[in-house]
Amino acid sequence: MNNPCAAHRGWSNKAPENTLAAFQKAIEQPHIDMIELDVQLSRDGVPVVIHDFTLERTTNGTGYVGDYTLKELKQLDAGSWYSEAFAGETIPTFEEVLQLVKGKKKLNIELKCAGDWYPGIEKKVIELIRQYGMESSVVITSFHHANIREVSRLAPDLKKGLLIDGMPLLLDEQLEVTGATVLSMYYPFLTETFVRSYRDRGIEFIAWTIDQPEEMKRVAALDEGIVICTNEPERYLELRVYT
Ligand code: G3P
Ligand code: CA
């Protein structure tokens with residue numbers, strides 16, 4: 001078993017998710033190949049890295065991420081909810097993450113947006129990827145396939161993925177319309193027949209978010225190219241070494 005490993009929201013069982021601390025932990029483990037992260041926009045239009053649309057779960061703020069300027073978001077504590085050892089961690093900007101990760105790991109960049117929830121997010125994210133010369137190290141993904149189609153229109157050269165939670169309808173058409181070449185799938189829906197039929201056409205796979213060893217083994221056995229995205233990289237890396 002030698003499938004690539006992606007650390008979901010950074011190494012999120014060692015440090016608070018989607019913080020520079022979690023990304024640094026993932027960078028320090030040489031066998032983690034990719035880091036997954038979630039991008040939204042501040043009120044003043046700066047791409048920031050946080051999963052929830054609201055601030056309560058992972059910061060000491062309240063309300064919607066998009067209602068605050070970057071300056072306001074940067075005053076929040078994004079580490080204490082996890083452990084006092086991480087007090088003072090802030091919500092990173094997407095640019096800060098690129099600065100930290102460039103040349104060290106691949107990135108799976110999830111756009112947390114629906115339609116025009118964050119107008120212009122695609123362009124801003126693409127510009128930063130180009131500014132940091134990371135074109136060949138990223139895949140841009142979203143559950144909202146219209147946003148991936150927009151990424152494709154603006155940046156046909158960048159790798160794009162469709163996030164899928166379930167059995168997709170009209171998948172061939174969705175791939176064609178969006179220009180995506182990656183399927184980022186909720187792992188229970190990955191079956192041998194499904195993987196084989198798309199892999200044979202050059203489609204790549206990411207499986208999320210697998211924390212159970214039995215499922216890691218099952219999915220990895222479907223194809224050695226499937227990226228195993230997990231909150232528990234150490235669990236997967238132990239399997240990768242011993243099986
Ligand atoms: O990238 C896949 C996975 O992160 C999607 O779910 O809710 O953890 O962002 P979520
Ligand atoms: Ca995500």
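These legends describe close-up views of a predicted model.

**View 1. The annotated span, residues 3-239.** The UniProt record, an unreviewed entry, carries the annotation "domain: GP-PDE" for residues 3-239. The C-alpha atoms at the two ends of this span lie 11 Å apart. Helix makes up 32% of the span and strand 19%.

**View 2. The shell around ligand 1.** Ten names belong in this view: His8, Glu36, Asp38, His51, Glu110, Thr141, Leu163, Ser184, Trp208 and Thr209 surround ligand 1. Five residues of the shell are polar, three are charged and two are nonpolar.

**View 3. The loop between strand E1 and helix H1.** E1 spans residues 5-7 and H1 spans residues 20-28. Arg9 sits in the loop that joins them. Its phi is positive, about 60°, although Arg9 is not a glycine. Arg9 counts as buried because 26 C-beta neighbours lie inside 10 Å. Asn18 belongs to the loop between E1 and H1 too. Asn18 also has a positive phi, about 55°, and is not a glycine. It is buried, with 28 other C-beta atoms within 10 Å.

**View 4. Helix H1 and its packing.** The buried residues in H1 are Leu20, Ala21, Ala22, Phe23, Lys25 and Ala26. They pack against E1, E2 and H3. Ile27 lies in H1 as well. Is Ile27 buried or partly exposed? Ile27 has 18 C-beta neighbours inside 10 Å, so it counts as partly exposed; the cut-off for buried is 20 or more. Leaving aside residues up to four places away in sequence, Ile27 touches Val101, Lys104 and Lys105. Ala7 is 20 residues from Ile27 in sequence, and their C-alpha atoms are 9.6 Å apart in space.

**View 5. The buried face of helix H4.** H4 runs over residues 121-131. Buried in this helix are Ile121, Glu122, Val125, Ile126 and Ile129. Why do the buried residues of H4 line one face? Seen down the axis, they fall within an arc of 125°, so they share one face of the helix. An α-helix has 3.6 residues a turn, so residues three or four places apart point the same way. Several elements cover the buried residues of H4. Among the strands are E2 (34-41), E3 (47-49), E4 (106-111) and E5 (138-142). Helices H3 (94-101) and H5 (145-154) are also part of the cover. Gly133 follows H4, with a positive phi near 60°.

**View 6. The buried face of helix H8.** H8 takes in residues 213-222. Its buried residues are Met216, Val219, Ala220 and Leu222. Viewed down the axis of H8, these fall within an arc of 145°, so they line one face of the helix. The cover over them includes helix H7 (192-199), strand E8 (204-208), strand E9 (227-230) and helix H9 (233-242).

**View 7. The largest nonpolar core.** This core has 70 residues. Which residues have the most contacts inside it? They are Ala6, Ile35, Val125, Ala207, Val219, Val227 and Ile228. Val125 is a buried residue of H4, and Val219 is a buried residue of H8. Ile228 touches Asn3, Cys5, Ala6, Ala207, Ile210, Met216, Val219, Ala220 and Tyr236, not counting residues up to four places away in sequence.

Technical notes
Residues numbered from 1 in each chain as written. Chains lettered and ligands numbered in written order. Predicted model: local features only at pLDDT ≥ 70, side-chain atom pairs only at ≥ 80, totals over all residues. Near = placed C-beta within 6 Å. Nonpolar A, V, L, I, M, F, W, Y, C, P; charged D, E, K, R; others polar. Buried ≥ 20, exposed ≤ 12 C-beta atoms within 10 Å, placed from the backbone. Helix = DSSP H or I, 4+ residues; strand = E, 2+ residues; numbered from the N terminus. Arc of directions from axis to C-beta. Contact = placed C-beta atoms within 7 Å. Core = buried A, V, L, I, M, F, W, Y, C linked by C-beta atoms within 7 Å. UniProt positions renumbered as here; feature names shortened; annotations may be inferred.
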